[in-house]
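Work through the exercises below with the sequence and the model open. Each task is followed by a solution in steps.

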Amino acid sequence: MKKTLLLAFVFFGFLQTLWAQGNFTPERLTNRPLTLFNDATSVGWNPALLGIGTHTDLVLALPYTRNFAYDNQVGGFYSQDGVGFGLISDRSAQLTSPYIPFSFYWGLGFNVIEDNTWLGGSFRYSEFGTSSIRFNGSFIHKPINPLLISGGISNMHSLNADNLTYNFSLAYSITQWLQFLGTYTLTSDTLLFGGEQRSAQIGVSASTLNRSLVTSFMVNPVLREARFGIEMAFGGISLGLLNDASTLNSPGGRFTGGNMLLRYQPAYRDWE
């Protein structure tokens, strides 16, 4: 009986860790995948994107709670010439979640067929789950000029490193200022998606003021969540807020928090 209780305690501890780290991981630091080339945060979710563009991208990320309070972590990412690095700090144990270890990311992306196909690979080091070293491999292909499609395989965030996640995504430019976005994910780790083995997102990204103001909206019907992003550029520096919300009513309200991004990208006008 004591052994069963101990195993249950450890299991639910892992569940809490998985849930908590899911709110502040690299893929949560974008709301418009495949539209911001050389996005430094892509080292943790689609490293092939690092190979599209050679300019510098430096990102500082801070999470906030539903009350807009600082959530005691920080993330930093840097990319240039197809190489990217990233670090997410640890977080002390709290009443609602256990200690979260730090994570270090390294990866690269490169062009295989000029202006048509890109490949990338990255690694994560963290004292998390069953293995400290995790990987992510991806490709991006442009079959026609306004369309990008991508596929990848990863175990970056699975509790058990043997459980793989497969991701498929696309971005279609309807006009120069409006993009349609979609992702579809399959996994053998049901803990990632609340008991489901699949997840999907659809959304749009729109820019104005010569791409100085970018808004985005994504909805995930599987996880019952939506995200609204707004990013404003002032020369080579931009400030962004990515806000998370549940599509279900709850006593605390639908808004659940988000992430603030401070980005330095001298060639910001060549983003898309």
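**Exercise 1. Strand pairing**

Which residue in β8 does Leu-147 stand opposite?

Solution. The model is a predicted one. Begin with the strands: β7 covers residues 147-154 and β8 covers residues 165-173. These two strands pair in the antiparallel sense, over 8 bridges. Within that pairing, the residue opposite Leu-147 is Tyr-172 of β8.

**Exercise 2. The next strand along**

Find the strand that β8 is joined to by 9 bridges, state its direction relative to β8, and give the bridge partner of Asn-167.

Solution. Strand β9, residues 178-187, is joined to β8 by 9 bridges, and the two run antiparallel. The connection from β8 to β9 is a hairpin of 4 residues. Asn-167 has Thr-185 in β9 as its bridge partner. In a regular strand, side chains point alternately to the two faces of the sheet.

**Exercise 3. The partners of Arg-28**

Identify the salt bridge between Arg-28 and Glu-225, then the one between Arg-28 and Asp-244, and place each residue in the chain.

Solution. Searching the whole structure gives 8 salt bridges. In one of them, Glu-225 pairs with Arg-28, with 2.9 Å between the closest N and O atoms. Glu-225 belongs to strand β12 (residues 225-234), while Arg-28 sits in the loop between α1 (2-21) and β1 (57-64); the pair links distant parts of the chain, 197 residues apart. Arg-28 also meets Asp-244 in a salt bridge, at 3.3 Å from N to O. Asp-244 lies in strand β13 (residues 237-246), 216 residues from Arg-28.

**Exercise 4. Buried or exposed?**

Classify Arg-28 and Asp-244 as buried or exposed, giving the reason.

Solution. The cut-off for buried is under 20% relative accessible area. Arg-28 counts as buried because its relative accessibility is 11%. Asp-244 has a relative accessible area of 8%, so Asp-244 is buried. Glu-225 is buried as well.

**Exercise 5. Another bridge, and a network**

Describe the salt bridge between Asp-39 and Arg-263, then name the residues joined into one network by shared partners.

Solution. The closest N and O atoms of Asp-39 and Arg-263 are 2.8 Å apart. Asp-39 is in the loop between α1 and β1, and Arg-263 is in strand β14 (residues 255-264), with 224 residues separating them. Both Asp-39 and Arg-263 are buried. As for the network, salt bridges with shared partners join Arg-28, Glu-225, Arg-227 and Asp-244.

Technical notes
Residues are numbered from 1 along each chain as its sequence is written. This is a predicted model: local features need pLDDT of at least 70, side-chain atom pairs count only at pLDDT 80 or more; totals for chains, interfaces and linings use all residues. Side-chain values use heavy atoms; hydrogens and water are left out. A salt bridge is a side-chain nitrogen of Lys or Arg within 4 Å of a carboxyl oxygen of Asp or Glu. Buried means under 20% relative accessible area, exposed over 50%, partly exposed in between (1.4 Å probe, protein chains only). Two strands pair if DSSP finds at least two bridges between them.
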